[in-house]
Amino acid sequence: MATDWWSPVLAVAMWAGAWAGTSGSPWLLACSAGVALGIGGLGWWRQRWLLAALAVVVAVAAGIPGLRSWFAELGPVPGWARDGAVVSIDARVGGGRTTDAGPGGPVWTAGATLVSATGRGESWASGDTIRLSASGGLTAAWAALPTGTTVRAVVRLSPAGADEGVSAWARARASPEVVAPPRPLDAAVSSVRAGLRQSVSGLPPAPRALVPALVVGDTDLMPAELQTDFRITGLTHLTAVSGANLTLLLAALLWAAARLGVVGWWRRGVAVVGVVAFVLLCRAEPSVLRAAAMGVVGLAALGWGGLRQGLRYLSWAVIGLLLVDPWLCRSVGFVLSVCASAGILLWASRWARHLAWLPRWLAEAVTVPVAAQLATQPVVTAISGQVSVVGVVANLLAAPLVGPGTVLGFLAAGLSVISPPAAAVAGWLAGGFAQGLVWIAQMAAGVPGAAVSWPEEPVALGVLTMACVVVLAGLPLLWRRPWLVVLVVAGLMVVLARPVPIPGWPPRHWQVVSCDVGQGDATVIAAGPGRAIVVDTGPEPAVVDRCLDQLGITEVAWLVLTHLHADHAGGVPGVASGRRVDHLLYSGITEPASGWRLVEEALPDVPRTVAVPGLVVAAGDVQVSVLALRALVGTAAVAEDSADQNDSSIVMRVTAGGLRIVLGGDLEEAGQGHAVATVPDLSAEVLLVPHHGSGHQLPAFLDAVGETVALISVGKDNDYGHPAARTVATVAATGARIYRTDQHGAIAISSDGGQLLVTTQRG
C-alpha cells in the first residue's frame, strides 16, 4: 500500500506556521502570510484543494499565537513586566519543580494561572498564564504548596520571550498566603502521586527516586549525579513524561482486558480510561498532552494499521497538538517525541522482520531504541554538544527493564488509593527493575569513551545527520547476519573500553584550561605531570570529571572554591572522583548550606584553608594569590541575598610560568568596586570574566586588569541571558580577544616567549 505523504506535509506546514507565529517577528509573520496567499491562490487557480488546505494550515498555525499574544497585550500584565514592576497577585499554582540550576542553590519554578493582579493603583482580573519562580529562603515555602492551590503573594514581574508562551515571569518576593485549597480533582491527583512516592519509600535512594520519574516524570528526588549518568548514556527520555510511558500502560491494560475477556468497544473504552487517567496523573500540562498523543501513535506503531496509518496518526497528532498549544513547536521535548515516534514507525517494525533469528519480542526490544536514538541523535547533539557512544548499548540493555518497571509503578500508584500494603509490594517489584536501570546508567557512564564532544555548528550537525542516514541504510544488512551483529557489538565494546581522543586536544604544553562545564565555572592550572590546581568545579560532577580526565589530571594540589553557589561548587564530587585532593581553599562562608554539605561529603578529610587578602598558596611553579575578599556582616545576611553571595567570591591572581590570570567567581559591581579600591595592582594577561559575562560588570575593574584574552565560561541557551551583549561589547572595547565556552568548548592557554597561544576544543 502506498504511503500517504500528504498528512506529513500538512504537519510540517503546521509546524512552520506555528514557528513563525510564536517567533514574535513581524517579518516572519508577513512571510507566512505571503506564502499562505501564494499557495492558496495557486490551489484555487489549479483547483488543487490539497494546496488550498496547505495554505489554510499555514495561515491558521501562524495566526493563532499572534491572536493570543494580541489578546494578552490588552491587559496591563505584559506592560508591568517590561517595567519590572512589583505587584500583588492571586494565582492558581500548577505542578512545580525544584532544581539546583540557580546560582544560589535550589530554585522552584511552576506554571500558574493568574486570578487577579494588583499594582500601580489598579487591579486586574486575569486568566493570563505566568511562570512563577522562588529561590533562596523562599524555595521551601513555595515548593510545599500542593498543585492547584490558589495563593496571594508579592512578586516582581519580568518580560517573557515571545517564544515562551506565557505573559510574564514572576519572581516571588515573599512567602505565599493560601487563599483557596486545591480543587477536588487536583487534590486526588496529588494524593495518588504522593501514594506512589510512599509505595517506594523503603527502597534504596536511587531506585526510590527513579520509579516516580519512570511513571509520571517526577524527577525531584533524583540526585544530580544520577541525572547526569542518564543524560550521558542517552537514557534521559526514560525520566520524562513521554509517549512511551502511555504506550506501555495501554499495552498492559489491553493485555489484561483481553485475558479477562473484554472485547470490542469495551476494550476501546478501557484504552480511553487509561489515556484519561494518564493525563490526569501527569497533571494535563502541554507536555503531558504531547506525551499522550505520542503514546497513542506509539501503540498504533505496534500493530494498528502499519506504516501508512502510523504516519497519518503521527501527522494529525502534531497538527492537533499545535492547534492546542502552538508554542510546543519550540519545545525540545516535542521535537524529540516526534522524531522518536517517526523513527519507530519508519524503521523499527521493518528491522524486527530482519531479525527473524530472534524472538519477536526481543527483536522489537532491540530495534525500537536503536530507531529512536538514530532519529533523535542530531537534535540531542545540537542541544548537548556531544554524541553518546554508549547510548545504543545502554538503551538495548535497558529495554527489557523499562516496561515491567513502568507498568508496576503505575500499578503501585493505583493500588496506593485502595491498599497501601499492596502498593508497597508493587513498588518494591518496580524498584527492582529501576535498580537494574540505575546500574546500567552508572556502568555505561563510567566507560571512558561514553560520550564524544561534537561541534554544534550547522556543517558539523549536517555531517552527523548524514552519518545517521548511512547507518540507517546499512543496518538491514547487519540485522540479517547474526555473526556480523556479534562482531560489531564486540568491536564496539573494545572501542568503548578506552577514551575516544579529540584530535588536537588537549594541546601538549597547556598551562590554563577553562573547562566547558555548561552554565558554571571550572578552571584548571597545570602544576606538574598529572597535577593541577582547580578553581571551581561547575555544576555537575560528571562533566568536570570528564574534563580532568581529558587533561590527564590524577592529583589536585589545591581545590579553590570562589564561593559555594551550585554552578561553582556542584561538581566537587567529580573532582574528588578517583583523584587525590591535597588542600581546599575557600572563602570561609558556608552558605548556601547545600553547597557546603556537598563539600563536607566529598572531601571529609581534606585540610581546609580560609582565604584572606595577601594569602599565597603554591604547587610546583604555580602560585595563587588572594587579592581581595569583600568583608560581609555574618553569613546569615549572605544566605538571604544572592547578590551578596556573588560579591563574597574570592578575587585571586594565578601565576603560572609567566602567565597571569585573574579570577573572581561571580563578582558583581560592588565586589568589583571593592577590588579596584583595595588592590593596588590587578593586572593580568588573562581574565575570566566574572559571573559568566552577566550585565553586572564595572568597567573600571576590566580596565584595571587590562587583559589581552578574556574568557567567558557560560552555558549554551542559559536562562539568565549570559553573556550580556553590553558586557561583550565593553570587554571587546578594551582590546581583549574574547573566547566563550558555549561557542568554543574548553579553552586552553599557554605562554610562549611573551605570546599567548589559545587552543579551543571546538571551532
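This is a short talk on the cysteines and the model confidence in this structure.

Okay, so first off, what you're looking at is a predicted model. How confident is the predictor? The chain averages a pLDDT of 81, and 85% of the residues come in at 70 or above, that is, they score at least 70. The stretch to watch is residues 633-641, where pLDDT is below 50. That stretch still has 10 contacts in the model beyond near neighbours in sequence. I'd leave those alone, though: where pLDDT is low, the predicted coordinates should not be read in detail.

Right, on to the sulfurs. How many disulfides does the model have? The count is 1 disulfide. Cys-515 is joined to Cys-547, with 2.0 Å from S to S, which fits the cut-off of 2.5 Å. If you care about the torsion, the angle about the S-S bond is -75°, so this link of Cys-515 and Cys-547 is left-handed.

Now, what does the bond tie together? Cys-515 sits in the loop between strand 10 (512-514) and strand 11 (523-526), while Cys-547 belongs to helix 19, residues 541-551. So the pair links parts that are 32 residues apart in sequence.

And are the two ends buried or exposed? Cys-515 is buried, at a relative accessible area of 0%, and Cys-547 is buried as well, at 7%.

Two other cysteines before I stop. Cys-468 counts as buried, with 7% relative accessibility. Cys-339, at 22%, counts as partly exposed, because buried means under 20%.

Key
Residues numbered from 1 in each chain as written. Predicted model: local features only at pLDDT ≥ 70, side-chain atom pairs only at ≥ 80, totals over all residues. Heavy atoms only, no water. pLDDT = per-residue confidence, 0-100. Contact = heavy atoms within 4.5 Å. Helix = DSSP H or I, 4+ residues; strand = E, 2+ residues; numbered from the N terminus. Buried < 20%, exposed > 50% of the residue type's maximum accessible area, 1.4 Å probe, protein only.
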